[in-house]
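Let's take a walk through this one together, stopping at rings, charges, helices and a few single residues along the way. Have the model open and follow along.

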Amino acid sequence: MDKNSAKIPILLLFSVFLVATCGLIYELIAGTLASYLMGDSISQFSIIIGLYLFSMGIGSFCSKYFDENLLDWFIQIELLVGLVGGITSSVLFVIFNSVDSFQWILYGLISLTGIFVGLEIPLLMQILNKSNFGFKDIISKVFTFDYVGALLASILFPLVFVPKMGLIRTSFFFGILNTLVALLVLYNYSAQLKYRLTLWFQAIFVFILLTLGFIFSDNILSWAEATTYDEKIIFAKSSPYQRIVLTRQGSNIKLFLNRNLQFSSFDEYRYHEALVHPLMTFTKKPEKVLILGGGDGLAVRELLKYESVKAITLIDLDADMTNLFRRNEMLTKLNQNALNSPKVRILNQDAFLWIKQNKTLFDAIIIDFPDPNNFALGKLYSNTFYRELTHTLAPEGQIVVQSTSPFMAPKSYWCVNKTLQSVGFKTLPYHVFVPSFGDWGYVLATKSEFNKTQNFPEKLRFMNDAAFEQSKVFPKDMAPQETEVNKLNNQILVQYFEEEWAKVM
């Protein structure tokens, strides 16, 4: 050790930086994957972070039992971290639909990774302690590189790695980085290692395995998704915000976002006619219409049936989504090329932020967000968001909100209704049957009165006066329920939604 003691700290301090970066990335991947596959992002991230830190504590505690051959052990643990961390996301994607104990396997892999990561820094500190560095130097330098690496990981993960690589390829990439750290130390200090031949064999094997995984990560994901969906996958892409998957069986096309069904071309007309046309019959000569969400253009298609409509503004966060439904010939046929209409302006922005700075008044507002199954979506159903809508809606304008199923999730549905009322809107709840979803609910809202101003278009396939009158009747098992208002600081709607849908899944 004396001969190379000047070189060891430089190399191993750089290793601290990579170790910290990789360690935090594995934690972020696990939290993202858990919320993606199982929903409830806050709970899943909380559990993952707590379990990961606890496991790191176990690893740190166990490090005191490592007294000899520290470099050998450090390399061995680096290889284990790279292997387990690198393959975790692909393993979880593959087994998600076929293993009942998925959650426990997830927690087991996270715990294993955390224990190995918890061992790394203490071992490095022991190695540095045997060099010429003093204790204060070791502490300051190790933790400086550790925190800088963690900062870099937290910035690059959402901005670069997830949108550019996706979760599976990112896992393999950082597994390879861990393996390269092991190979770098192995190469520089091979003469000082007791089990160098064994370590060389292990390192090369892990490196090849992870590299193959990185190269074929798209194939792994495609195979995992093929076992998830009953129909043939015709398009799949990870955008910066979600996983977009299109399937087809015969002439029926389905859209899934993060594995949640958004529409089936077989019956989507029922959903979108119910969403758009009751609103328009209560709106007097609507000229300017705002759509929040609805990046598939199907609600826009229905709006363009009204000659009075002169301008439609569509706010959808995901440019990949709107571009897909503007350019794909199969999908433009479905939405009748609605997103390419000269009347339509598309803005790929966060609706929550956009609505705060908007100064334009709209005659009608259509809110077609995904269900509030996490807090990022729940804020778009909050009284804070609805209060901003009062400044965006014309005095006699109307709003419609897709509001989940009043049969499957009655408290969630009536919570949306009560939250709209809490900011001064008058509401008109209604529901229709959509075969792909079951009984589905909507809420009309206005600051003025509900006075019908025009008839339903004649060429609609589903909605007419009789159907709408029937839709306003709620049987006993969907009757109004007492709920709290969904506020930004409590997000009670997300809790209602998760509890109710968990009972029927």
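A residue counts as buried when its relative accessible area is under 20%, as exposed when that area is over 50%, and as partly exposed in between. Keep in mind that this is a predicted model. With that cut-off in hand, start at phenylalanine 437, which is buried, and at tryptophan 440, which is buried as well.

Now for the rings themselves. Searching the whole structure turns up 26 aromatic pairs. Take Phe437 and Trp440 as an example: their ring centres are 5.2 Å apart and their planes meet at 45 degrees, so this pair is tilted. The label follows because planes under 30 degrees apart would count as stacked and planes over 60 as edge-to-face, with the rest called tilted. These two residues also belong to one aromatic cluster, whose members include Tyr271, Phe282, Tyr430, Tyr442 and Trp501. Phe450, Phe456, Phe468 and Phe497 are among the members too.

Rings also turn up with charges over them. Look at tyrosine 269: the charged end of arginine 461 sits over its ring, 3.8 Å from the centre. Elsewhere, arginine 169 lies over the face of phenylalanine 214, and here the distance to the ring centre is 5.4 Å.

Next, the helices. How do α3 and α4 pack? Helix α3 covers residues 70-95 and helix α4 covers residues 102-129, and they pack at an angle of about 160 degrees with their axes 9 Å apart. That angle makes α3 roughly antiparallel to α4, since anything over 145 degrees counts that way. The crossing of α3 past α4 is left-handed. As for what lines up in the contact between α3 and α4, its residues split into 22 nonpolar, 4 polar and 2 charged.

Two single residues finish the tour. Arginine 270 is part of helix α8, residues 268-281. Buried or partly exposed, then, for arginine 270? Its relative accessible area is 23%, so arginine 270 is partly exposed. If you pick leucine 209 as a partner, 61 residues away along the chain, the C-alpha atoms of arginine 270 and leucine 209 are separated by 49 Å.

Alanine 226 has its place in helix α7, which spans residues 217-226. Alanine 226 is partly exposed as well, because its relative accessible area is 48%. From alanine 226 to tyrosine 241 is 15 residues in sequence, and 21 Å in space from C-alpha to C-alpha.

Definitions and conventions:
Residues are numbered from 1 along each chain as its sequence is written. This is a predicted model: local features need pLDDT of at least 70, side-chain atom pairs count only at pLDDT 80 or more; totals for chains, interfaces and linings use all residues. Side-chain values use heavy atoms; hydrogens and water are left out. Rings of Phe, Tyr and Trp (its six-membered ring) pair if their centres lie within 6.5 Å; planes under 30 degrees apart count as stacked, over 60 as edge-to-face and the rest as tilted. Buried means under 20% relative accessible area, exposed over 50%, partly exposed in between (1.4 Å probe, protein chains only). A charge sits over a ring if NZ of Lys or CZ of Arg is within 6 Å of the ring centre and within 35 degrees of the ring normal. Axes are lines fitted to C-alpha atoms, for helices over the stretch in contact, and angles run from 0 to 180 degrees between N-to-C directions. Helices (H or I, at least four residues) and strands (E, at least two) are DSSP runs, numbered from the N terminus. Angles under 35 degrees count as roughly parallel, over 145 as roughly antiparallel, 65 to 115 as roughly perpendicular and the rest as oblique. A crossing is left-handed if the near helix is turned anticlockwise from the far one by less than a right angle, and right-handed if clockwise. Ala, Val, Leu, Ile, Met, Phe, Trp, Tyr, Cys and Pro count as nonpolar, Asp, Glu, Lys and Arg as charged, and the others, Gly among them, as polar.
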